[in-house]
Amino acid sequence: NERIQTARTITAATSDSIDAAAKYLEEHGVLHRMLAMNLYEKKYALRTEALLPEEKIPGGDALIKARMFEIRRFVLSLGNCNEKIFLIYHYLHGLSVEKCAEVMEVSRRSAFRIKKRALAYAGQRLPIYLQERQNGIR
């Protein structure tokens with residue numbers, strides 16, 4: 001039943017919604033690298049001068065972590081299916097498509113198909129999720 005629902009969802013997704021979902025999910029990796037960079041700078045005291053006000057990120061690491069949590073929460077809110085598992089491995093854990101294929105025990109070709117379906121699924125669900133979040137439902 002979940003598989004049929006996912007198939008219907010994929011056909012309803014547009015290329016704009018797929019691109020928006022990919023961008024939203026890719027932000028998790030960027031934020032993760034920003035946290036690592038901030039930690040590295042703190043550890044090795046790379047900055048000797050004080051940051052200018054325009055260089056500071058409002059909320060700093062806490063804001064970055066909150067945004068990462070929100071992206072993770074979106075992915076975890078999706079129905080249980082191979083597409084969700086792929087999104088977790090690829091976007092949240094940062095594995096390559098090839099490594100996701102290995103972990104999921106599917107062929108490389110199948111992993112790319114799953115990625116396409118996963119982004120279509122996420123693209124269809126993202127506006128609904130964001131609207132619910134804005135309305136305070138989630």
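This report describes the fold, the nonpolar core and one helix pair of the protein shown above, starting from the whole chain and ending with a single histidine.

## Overall fold

The structure is a predicted model, and its secondary structure consists of 6 helices and 0 strands, so that the order of elements along the sequence reads α-α-α-α-α-α. Of the 138 residues in the protein, 32% are buried. The exposed surface comes to about 9000 Å², and carbon and sulfur atoms supply 55% of that area.

Contacts in this protein often link distant parts of the chain: when the contacts between residues at least 6 apart in sequence are considered, 67% of them join residues at least 24 apart.

## The nonpolar core

In soluble globular proteins, nonpolar side chains tend to be buried together. Here the largest nonpolar core has 30 residues, and the ones with the most contacts inside it are L25, F74, V75, F86 and L87. At least two residues of this core come from each of helix 2 (15–44), helix 3 (60–77), helix 4 (82–92), helix 5 (97–104) and helix 6 (108–134), while the helix that gives the most to it is helix 6, with 8 residues.

V75 offers a closer view of this core. If residues up to four places away in sequence are not counted, V75 touches L25, K84, L87, I88 and L92; of these partners, L25 and L87 are themselves listed with V75 among the core residues with the most contacts.

## Helix 4 against helix 6

Two packed helices are described by the angle between their axes and the distance between the axes. For helix 4 and helix 6, the axes come within 9 Å and cross at roughly 100°. That angle falls in the range of 65 to 115 degrees, and the two helices are therefore roughly perpendicular to each other.

The residues that meet across this pair are N82, E83, F86, L87, H90 and Y91 on the side of helix 4, and A111, I114, K115, R117, A118, L119, Y121 and A122 on the side of helix 6. Two of the helix 4 residues named here, F86 and L87, also appear among the core residues with the most contacts.

## H90 and its surroundings

H90 lies in helix 4, and because its relative accessible area is 16%, under the 20% limit, H90 counts as buried. The side chain of H90 reaches the backbone oxygen of L95 at 2.7 Å. Leaving aside neighbours within four places in sequence, H90 is in contact with L95, S96, V97, C100 and K115, and K115 is one of the helix 6 residues that meet helix 4.

Key. Residues are numbered from 1 along each chain as its sequence is written. This is a predicted model: local features need pLDDT of at least 70, side-chain atom pairs count only at pLDDT 80 or more; totals for chains, interfaces and linings use all residues. Side-chain values use heavy atoms; hydrogens and water are left out. Buried means under 20% relative accessible area, exposed over 50%, partly exposed in between (1.4 Å probe, protein chains only). Contact means heavy atoms within 4.5 Å. Accessible areas come from the Shrake-Rupley method with a 1.4 Å probe; for residues, only the protein chains shown count as cover. A nonpolar core is a set of buried Ala, Val, Leu, Ile, Met, Phe, Trp, Tyr and Cys residues joined through side-chain atoms within 4.5 Å. A polar contact is a pair of N or O atoms within 3.5 Å; within protein, one must be able to donate a hydrogen and the other to accept it, and residues adjacent in sequence count only if both atoms are side-chain atoms. Axes are lines fitted to C-alpha atoms, for helices over the stretch in contact, and angles run from 0 to 180 degrees between N-to-C directions. Angles under 35 degrees count as roughly parallel, over 145 as roughly antiparallel, 65 to 115 as roughly perpendicular and the rest as oblique.
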